[in-house]
Amino acid sequence: MGCPGPCRTSPDFAALRQRSQPEGWALVALDLGVDTATPAGELVANVVASVAQWERRVMDSGRVKR
């Protein structure tokens, strides 16, 4: 469950978040100032994960067309 390395999709990230809550830990990105223990941090982290997934899909679709 969760990501063995970097999360590659929004569902991967969501699974990691679901795992963190009952276990009592949070994801913190020090360089971004994001702490998923806060509502604002959770929102920012989810937006970043969604944009990363979108970017990956756009890059993959460009490779297929060439």
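Reader: Let's start with Ala26. Is Ala26 buried or exposed, or does it fall in between?

Author: Happy to begin there. This is a predicted model, and in it Ala26 has a relative accessibility of 30%, so Ala26 counts as partly exposed. The cut-offs behind that label are under 20% for buried and over 50% for exposed.

Reader: Where does Ala26 sit along the chain?

Author: Ala26 belongs to the loop between helix 1 and strand 1, the latter being residues 28–29. A little earlier, just after helix 1, you will find Gly24 with a positive phi of about 80°.

Reader: Which residues is Ala26 in contact with, once its neighbours within four places in sequence are left aside?

Author: Those partners are Asp35, Thr36 and Ala37. For a C-alpha separation, look at Gly41: it is 15 residues from Ala26 along the chain, and the two C-alpha atoms are 10.0 Å apart.

Reader: Now salt bridges, please. How many does the structure hold?

Author: The general idea is that side chains of opposite charge can pair when their charged atoms come close. Here there are two salt bridges. One of them joins Arg17 to Glu42, with 3.1 Å between the closest N and O atoms. That pair links distant parts of the chain, 25 residues apart: Arg17 is in helix 1 (residues 10–23) and Glu42 in helix 2 (residues 39–65).

Reader: And are Arg17 and Glu42 buried or exposed?

Author: Arg17 is buried, its relative accessible area being 7%. Glu42 is partly exposed, at 30% relative accessibility.

Reader: What about the pair Arg19 and Glu23?

Author: Their side chains also meet in a salt bridge, at 3.7 Å from N to O. Both residues lie in helix 1, four residues apart, which is about one turn of the helix. Arg19 counts as partly exposed, with 31% relative accessibility.

Reader: How would I check the span of helix 1?

Author: Use 1.5 Å a residue: the 14 residues of helix 1 should span 20 Å, and the end C-alpha atoms are 20 Å apart, so the two values agree.

Reader: Which residues of helix 1 are buried, and where do they lie around the axis?

Author: The buried ones are Ser10, Phe13, Leu16, Arg17 and Ser20. They cover an arc of only 125° around the axis, so they lie on the same side of helix 1. Turn to the face pointing away from that buried side and you meet the exposed residues Pro11, Gln18 and Pro22.

Conventions: Residues are numbered from 1 along each chain as its sequence is written. This is a predicted model: local features need pLDDT of at least 70, side-chain atom pairs count only at pLDDT 80 or more; totals for chains, interfaces and linings use all residues. Side-chain values use heavy atoms; hydrogens and water are left out. A salt bridge is a side-chain nitrogen of Lys or Arg within 4 Å of a carboxyl oxygen of Asp or Glu. Helices (H or I, at least four residues) and strands (E, at least two) are DSSP runs, numbered from the N terminus. Buried means under 20% relative accessible area, exposed over 50%, partly exposed in between (1.4 Å probe, protein chains only). The expected span of a helix is 1.5 Å times one less than its number of residues. The arc is that of the directions from the helix axis to the C-beta atoms. Contact means heavy atoms within 4.5 Å.
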